[in-house]
Amino acid sequence: MLLLTLLAIGCQPKRPPPPRLLVDGLPVSGDLGFAQAKGFKACFNEDAMHMRCRRHDVMFLGQGPFEAAVDLLGGYGQSGFDQLTLWHASDNEEVYKILVSLAKMGWHYCYTGDGDRGDQAIFTHQGEQVRISMDISYWAKRRLRVIPNWNKSGLSENCIPEKSLLRFGADVAKAARR
């Protein structure tokens, strides 16, 4: 048992927490104390190297309420977090309302994936410090992630520009014109 404990300690991430960043009053990157100060107090260890802190009834861009989480590195969260995840507990379609708000504010989007079978819809806006990525797969809980631009993980070179062929793209473009 002692050997396992020593191995787990040796595997702990050694990076310092990333800089603190807020978007619409919610933490997108920072340290454990910052997340907890912003209401993300329901924390649990997923394993020896990861901690998740959650908050309920979160509003984002005037939409919600949603569930939200930050995923910290290190068993005690000592290496901080570098994105915010939002989802609706019972209705996968609710996160689309956030994307409609983004389209109305002039954010542009593209799709990752293969042809019309996209994997993510990625929203960007010139001058913003974050990008917003939403799962568009119909086979899982639809999540929306707010990711600092400096965090290059999950960023795809193959992002297909806005396409009205997809139901999602047509719905967002139509709603943005209203």
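This is a short walk through one protein model, from the overall fold to a few individual residues.

Hi everyone, and thanks for coming. Please keep in mind throughout that we are looking at a predicted model.

Let me begin with the overall picture. The protein has 11 strands and 4 helices. It is 178 residues in length, and 43% of those residues count as buried. If you take the contacts with a separation of 6 or more, 52% of them come from residues 24 or more positions apart. As for the surface, about 9800 Å² is exposed, with carbon and sulfur atoms supplying 56% of that area.

Now to strand S6, which spans residues 84-87. What does S6 pair with? On one side of the story there is S5, antiparallel to S6 and joined to it by 4 bridges. Then there is S10, residues 143-148, which also pairs with S6 in the antiparallel sense, over 4 bridges. Within that second pairing, Leu86 stands opposite Leu144 of S10.

A quick reminder: side chains in a regular strand alternate between the two faces of the sheet. For S6, both faces are covered, with Leu84 and Leu86 buried on one side and Thr85 and Trp87 buried on the other.

Let's stay with Trp87 for a moment. Its relative accessible area is 11%, and because the cut-off for buried is under 20%, Trp87 counts as buried. Its bridge partner is Glu67. These two residues are 20 apart along the chain, yet their C-alpha atoms are separated by 5.4 Å. Beyond its sequence neighbours within four places, Trp87 is in contact with a mixed group of residues, including Arg52, Arg54, Phe66, Val95, Lys141, Arg142 and Arg143.

Just before S6 we find Gln83, in the loop that follows strand S5, residues 63-73. Is Gln83 buried or exposed? Its relative accessibility is 16%, so Gln83 counts as buried. Its side chain makes a polar contact with the side chain of Arg145, at 3.3 Å. Arg145 is also among the residues that Gln83 touches outside its four-place neighbourhood, and others are Val28, Ala69, Val70, Val146, Ile147, Pro148 and Asn151.

Next, the cysteines. How many disulfides does the model contain? The count comes to 1, and the pair is Cys43 and Cys53, with sulfur atoms 2.1 Å apart. Cys43 belongs to strand S3, residues 42-47, while Cys53 belongs to strand S4, residues 50-60, and the two cysteines are 10 residues apart. The torsion about the S-S bond is about 110°, so this disulfide is right-handed. The two ends sit in contrasting surroundings: Cys43 is partly exposed at 29% relative accessibility, whereas Cys53 is buried at 0%.

My last stop is helix H3, residues 96-104. Why do we call H3 largely enclosed by the rest of the structure? Because 7 of its 9 residues are buried. Those buried residues are Tyr96, Ile98, Leu99, Val100, Ser101, Leu102 and Ala103. Just after the helix, Gly106 takes a positive phi of about 90°.

To recap, we have seen S6 paired with S5 and with S10, a right-handed disulfide between Cys43 and Cys53, and a helix H3 that is largely enclosed. Thanks for listening, and I'm happy to go back to any of these spots on the screen.

Notes. Residues are numbered from 1 along each chain as its sequence is written. This is a predicted model: local features need pLDDT of at least 70, side-chain atom pairs count only at pLDDT 80 or more; totals for chains, interfaces and linings use all residues. Side-chain values use heavy atoms; hydrogens and water are left out. Buried means under 20% relative accessible area, exposed over 50%, partly exposed in between (1.4 Å probe, protein chains only). A polar contact is a pair of N or O atoms within 3.5 Å; within protein, one must be able to donate a hydrogen and the other to accept it, and residues adjacent in sequence count only if both atoms are side-chain atoms. Contact means heavy atoms within 4.5 Å. A disulfide is a pair of cysteine sulfur atoms within 2.5 Å. Two strands pair if DSSP finds at least two bridges between them. Accessible areas come from the Shrake-Rupley method with a 1.4 Å probe; for residues, only the protein chains shown count as cover.
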